[in-house]
Amino acid sequence: MMKHVRIGALILLFLAGFTGHALADVLIIANRSVPVATISKSEVERIYRGQMSRWEDGSRINFAVLRGDTMEGFLSDYVKMSASQFDQHWKRQVFTGRGQMPPAMGRASDMVTYVANTQGAIGFVPEGTRTDEVKVLGITP
């Protein structure tokens, strides 16, 4: 009986560590004009689903995606979609006239440049990316 409890505890610790590690690998970055210093996971989800298009001061949100492994982790953790589901979602938005495909970057440095040069922009990059030109947002649950 005690052996099963220990194994269960190890599995829970592994899962908790895995989830926390995945979230820690991505930085949410924003243009310096963005009027917030923190953002909740649900706000990030709403932005990337096209359900939130304005910052609290009324300015427009311009979001972009970074293709590749970082995008898969980001979408899974924050948007609760796979990359293919995200693409299908945005193709439907475009087809029905409710939105435009978000700009897609191939390199983290391109994402930082886009966010730094676009008013109201938000994006994500792998942890460790040089972010001197942008604001790194804190994440609240």
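A residue is called buried when its relative accessible area is under 20%, exposed when that area is over 50%, and partly exposed in between, using a 1.4 Å probe and protein chains only. The model studied here is predicted, so local features need pLDDT of at least 70 and side-chain atom pairs count only at pLDDT 80 or more, while totals for chains, interfaces and linings use all residues. Residues are numbered from 1 along each chain as its sequence is written, and side-chain values use heavy atoms, with hydrogens and water left out.

**Exercise 1. List the buried residues of α3, and describe the residue that follows this helix.**

Solution. Begin with the helix itself: helices (H or I, at least four residues) and strands (E, at least two) are DSSP runs, numbered from the N terminus. Within α3, the buried residues are T70, M71, F74, L75, D77, Y78 and V79. Then step past the end of α3 to K80, which has a positive phi, near 60 degrees.

**Exercise 2. Decide whether E45 and S53 are buried, partly exposed or exposed, and find their contacts.**

Solution. First take E45, which belongs to helix α2; because its relative accessibility is 15%, E45 counts as buried. Contact means heavy atoms within 4.5 Å, and, leaving aside neighbours within four places in sequence, E45 is in contact with Y78, V79 and K80. Of these, Y78 and V79 are among the buried residues of α3, and K80 is the residue that follows that helix.

Next take S53, which sits in the loop between α2 and β3; with a relative accessibility of 45%, S53 is therefore partly exposed. With the neighbours within four places in sequence again left aside, S53 is in contact with S59, R60 and I61.

**Exercise 3. Work out the order of the strands in the open sheet, and say which strands lie at its edges.**

Solution. Two strands pair if DSSP finds at least two bridges between them. On this basis 5 strands form an open sheet in the order β2-β7-β1-β6-β3, with mixed pairing. The edge strands, each of which pairs on one side only, are β2 (38-40) and β3 (62-63).

Now follow β7 (residues 135-140), which runs parallel to β2 and is joined to it by 3 bridges; here T38 stands opposite G138. The pairing of β7 with β1 is antiparallel, again over 3 bridges, and I28 has L137 of β7 as its bridge partner.

**Exercise 4. Identify the residues that touch the most other members of the largest nonpolar core, and trace the contacts of F124.**

Solution. A nonpolar core is a set of buried Ala, Val, Leu, Ile, Met, Phe, Trp, Tyr and Cys residues joined through side-chain atoms within 4.5 Å. The largest such core has 39 residues, of which I28, I47, Y48, F74, F86, I122 and F124 touch the most other members. Among the elements that each supply at least two residues of this core are β1 (26-30), α2 (41-48), α3 (69-79) and β6 (121-126).

Finally, look at F124: leaving aside its neighbours within four places in sequence, F124 is in contact with residues including I28, Y48 and F74. In soluble globular proteins, nonpolar side chains tend to be buried together.
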